[in-house]
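Work through the following exercises with the sequence and the structure side by side. Try each task on your own before you read its solution.

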Amino acid sequence: MSDPAALEGSRFANADLVPVPIARRTWGTYNYLALWVGMAHCIPSWTLASGLVALGMDWKQAVLTIALANVIVLGPMLLTGHAGTKYGIPFPVFARASFGVRGANLPAMVRAAVACCWFGIQTWIGGEGIFLLAGKLFGHSWLNAGSIAGTPWTQWLSFGVFWLVEVAIITRGMETLRRVENWAAPLVIVGALVLLGFMAAKAGGFGPLLDQPSRLGWGNGFWKVFFPSLMGMIGFWSTLSLNIPDFTRFGGSQRAQLWGQALGLPTTMTLFAILSVLVTSGSQAVYGAPIWDPIALSAKMSNTVGALFALLIVMVATLSVNIAANVVSPAYDLSNLLPRLVSFRTGALITGVVGILIMPWKLIANPHVYIFTWLGFVGGLLGTVAGILVADYWIVRRTRLALGELYGAEGRYWYTGGWNPRAVAAFVIGGVLAVGGSYSTVVKGVKQGPFPADGVIPFLKPLADYGWAVGLASALLVYTLLSLNHSRNQDN
């Protein structure tokens, strides 16, 4: 084990990037379980499930899709998380082993860009919760204030307030984050159950919630929606399957991170999916159309105290997931880009600014764009990176890393000028196969998204619905073959 204090003298290291000392690796099984409960029980998780109902699935089809997706994505998450616990390093440093000391900035910046977008989306949702919560207190004048760019200025103000709260928490460090997750997790579960009870009461029992039929059936109509939806669900947590070392580096043992994640991710996501699709099915029975936004649904509660409680839980849920899933990673990634200039705290502040600039309110306006286009495209690219990381760490290196050389301009991870050409080639090939056929669906003659209806590269369109799996498998195979051939040539 290299001395962290000695590594901090490297131009590729700072206090946030060096290995976590053994004494500070205090996260146990409950901490990882609470982390996943806090992250899974969030509004985008809810809208994933309820969005599938809005697209025509019944509750059983939606839950099946989400449960299967989370079991699948857990695999690479545990594989990459192993390195964090074994070596105490964050994701961008782990990526240096496969991409090179400088080349690691390529996957790190892809991951950071995705996280910044997610941060903006979650912050907008949290701001919407504050807006409606204040509307319950201040009434019509607050909800119908003068507009700026088509949105009440009071909603923009709510967005800004929520942004400031998030930044204030994350800049206090990872230990503060751990404490927030520990108390937020049970609160969110209570809030979801309250909303379910409200919907069941309005619908006259649970029968109407369970009886809403599928508009897709189990034929071709369902499978056309199922596969891109499955990849979208995988794409939702494919971000964490890359940067999970940012959290497992604080783990006291492999057993703690393995059991904490295995118990936390698939089970909580599936249970939360059941809650969300039941509530959304109930909204269809009560209001005649599925309301897939829990904030809008909470605002319909006639009981003011109940509505205030539900909206408060919405904000807690959004806060707990956003700072964990969407600020920690880009903070480390940006720090890795310029270690001597950008600390974890500075990286978090940059993330907050970028999260506003990407205009998140436009990303979640349409479930077709949200699930198929955005999540599918992102999942394809991140699956490619995951394939390379798994191939390098488990197949090529058999989990053995030379820790000190991850922080230097000399040694096995410097490759060619700090870049590993084999990783770049695998990333390009896997990325083209995974997302080259990206397309936008057409609904009633209107294209739902930025891509051509026939796909960016038409002959690759059939692969687009399986983007994450295609990216992971192709990149893993290409990287393994190139690396083994390189080793064979060196031996000769």
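**Exercise 1. Find how many disulfides the structure holds, and explain the result for C116.**

Step 1: A disulfide is a pair of cysteine sulfur atoms within 2.5 Å, and by this rule the structure holds 0 disulfides.
Step 2: The closest cysteine sulfur to that of C116 belongs to C117 and is 7.1 Å away, so the two are too far apart for a bond.
Step 3: To judge how covered these residues are, use relative accessible area, where buried means under 20%, exposed over 50%, and partly exposed in between, with a 1.4 Å probe and protein chains only.
C116 has a relative accessibility of 5% and therefore counts as buried, and C117 is buried as well, because its relative accessible area is 14%.

Before going on, note that this is a predicted model, in which local features need pLDDT of at least 70 and side-chain atom pairs count only at pLDDT 80 or more, whereas totals for chains, interfaces and linings use all residues. Residues are numbered from 1 along each chain as its sequence is written, and side-chain values use heavy atoms, with hydrogens and water left out.

**Exercise 2. Describe the chain as a whole: how many helices and strands are there, and what percentage of the residues count as buried?**

Step 1: Count the helices (DSSP runs of H or I, at least four residues) and the strands (DSSP runs of E, at least two), both numbered from the N terminus; the chain has 21 helices and 4 strands.
Step 2: Turn to burial, and you find that 61% of the 492 residues of the chain count as buried.
Step 3: For the surface, accessible areas come from the Shrake-Rupley method with a 1.4 Å probe, and for residues only the protein chains shown count as cover. The accessible surface of the chain comes to about 18300 Å², and 67% of this belongs to carbon and sulfur atoms.

**Exercise 3. Identify which residues of the largest nonpolar core touch the most other members.**

Step 1: A nonpolar core is a set of buried Ala, Val, Leu, Ile, Met, Phe, Trp, Tyr and Cys residues joined through side-chain atoms within 4.5 Å.
Step 2: The largest such core has 102 residues, and those that touch the most other members are M39, I89, W237, L240, L401 and L406.
Helix α11 (residues 220-243) gives the most to this core, namely 11 residues.
Step 3: Apart from this core lies another one, of 12 residues, including A192, M199, L278 and L297.
Step 4: Look at L240 in detail, where contact means heavy atoms within 4.5 Å. When residues up to four places away in sequence are not counted, L240 touches W36, M39, M77, R111, F247 and A325.

**Exercise 4. Locate the salt bridges, and decide whether their residues are buried or partly exposed.**

Step 1: Side chains of opposite charge can pair when their charged atoms come close. The rule for a salt bridge is a side-chain nitrogen of Lys or Arg within 4 Å of a carboxyl oxygen of Asp or Glu, and the structure holds 2 of them.
Step 2: One joins the side chains of D392 and R397 at 2.9 Å, N to O, and both D392 and R397 are buried.
Step 3: Another joins the side chains of R412 and E405 at 3.0 Å, N to O. R412 is partly exposed because its relative accessible area is 48%, and E405, at 24% relative accessibility, also counts as partly exposed.

**Exercise 5. State what is notable about the phi of T399, and where this residue lies.**

Step 1: Most residues other than glycine have a negative phi.
Step 2: T399 is not a glycine, yet its phi is positive, about 70°.
Step 3: T399 lies in the loop between α18 (367-396) and α19 (421-435), and at 12% relative accessibility it counts as buried.
Step 4: Y415 is found in the loop between α18 and α19 too, and its phi, near 50°, is a positive value in a residue other than glycine.

**Exercise 6. Work out what surrounds N336, and whether N336 is buried or exposed.**

Step 1: N336 is found in helix α16 (residues 328-337).
Step 2: With a relative accessibility of 4%, N336 counts as buried.
Step 3: Leaving aside neighbours within four places in sequence, N336 is in contact with L17, P92, V93, R96, A104 and N105.
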